[in-house]
Amino acid sequence: MRESALHAACTASTHYELPYRVVEPLAVGADGFEPLLLDYVLAILGSTHDQAALPIVERFLRHPHPEVRREAAESVNELRWSQESTETAQ
């Protein structure tokens, strides 16, 4: 059930930019997720494009599971790209 809910949120976040405040409980509890679910959490946090998510996602760049590290790297890149795009637009 948790995987289905996270998958749905992840799918929604690819079509809509969910505000960080909506998904912040995932960030707060990120350390408690198993690797399969953590992949979804990191993808959702990255898709917020909110820099508040960056330190949380960066923590997982050294995770023991390679899949989690890969997703963390992709999410970090997305967050940094959105930051650069915002700075360029200003």
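**Figure 1. F60 and the residues around it.** In this predicted model, F60 touches A30, D31, L38, L42, V68, R69 and A72, leaving aside residues up to four places away in sequence. You'll find F60 in the loop between α4 and α5. Is F60 buried or exposed? With a relative accessibility of 5%, F60 counts as buried, because the cut-off for buried is under 20%. One of its partners, D31, sits 29 residues away from F60 in sequence, yet their C-alpha atoms are 9.1 Å apart in space.

**Figure 2. The largest nonpolar core.** Now let's look at the group of side chains that F60 belongs to. This core has 23 residues, and L6, L38, V41, L45 and F60 are the ones that touch the most other members. Helices α2, α3, α4 and α5 (66-89) each chip in at least two residues. Which helix gives the most to the core? That's α3, with seven residues. If you're wondering about the general pattern, nonpolar side chains tend to be buried together in soluble globular proteins.

**Figure 3. Helix α3, mostly under cover.** Helix α3 covers residues 35-47. How many of its 13 residues are buried? Eleven of them are, so this helix is mostly covered. The buried ones are L37, L38, D39, Y40, V41, L42, A43, I44, L45, G46 and S47. Two names to pick out here are L38 and L45, which are also among the core residues that touch the most other members. From its first C-alpha to its last, α3 reaches 18 Å, close to the 18 Å expected at 1.5 Å a residue.

**Figure 4. T48 and H49, just past α3.** Both residues lie in the loop between α3 and α4 (54-58): T48 is there, and H49 is too. T48 has 4% relative accessibility and counts as buried, whereas H49, at 27%, counts as partly exposed. The T48 side chain reaches back to the backbone oxygen of L45, at 2.7 Å. Not counting residues up to four places away in sequence, T48 touches E17, L18, P19, Y20, V23, A53 and L79. What should you look for at H49 in the backbone? Its phi is near 60°, a positive value in a residue other than glycine. For background, most residues other than glycine have a negative phi.

**Figure 5. The two sides of helix α2.** Helix α2 takes in residues 20-28, and its buried residues are Y20, V23, L26 and A27. Why do these residues line one face of the helix? Looking down the axis of α2, you'd see them fall within an arc of 100°, so they line one face. It helps to remember that an α-helix has 3.6 residues a turn, so residues three or four places apart point the same way. On the face turned away from the buried side, α2 carries the exposed residues R21, P25 and V28. Y20 and V23 may look familiar: both are among the residues that T48 touches.

**Figure 6. Stepping back to the whole chain.** The protein has five helices and zero strands. Of its 90 residues, 38% are buried. Among contacts with a separation of 6 or more, 66% are between residues 24 or more positions apart. On the outside, the protein exposes about 5,500 Å², and carbon and sulfur atoms supply 56% of that area.

Technical notes:
Residues are numbered from 1 along each chain as its sequence is written. This is a predicted model: local features need pLDDT of at least 70, side-chain atom pairs count only at pLDDT 80 or more; totals for chains, interfaces and linings use all residues. Side-chain values use heavy atoms; hydrogens and water are left out. Buried means under 20% relative accessible area, exposed over 50%, partly exposed in between (1.4 Å probe, protein chains only). Helices (H or I, at least four residues) and strands (E, at least two) are DSSP runs, numbered from the N terminus. The arc is that of the directions from the helix axis to the C-beta atoms. A polar contact is a pair of N or O atoms within 3.5 Å; within protein, one must be able to donate a hydrogen and the other to accept it, and residues adjacent in sequence count only if both atoms are side-chain atoms. Contact means heavy atoms within 4.5 Å. A nonpolar core is a set of buried Ala, Val, Leu, Ile, Met, Phe, Trp, Tyr and Cys residues joined through side-chain atoms within 4.5 Å. The expected span of a helix is 1.5 Å times one less than its number of residues. Accessible areas come from the Shrake-Rupley method with a 1.4 Å probe; for residues, only the protein chains shown count as cover.
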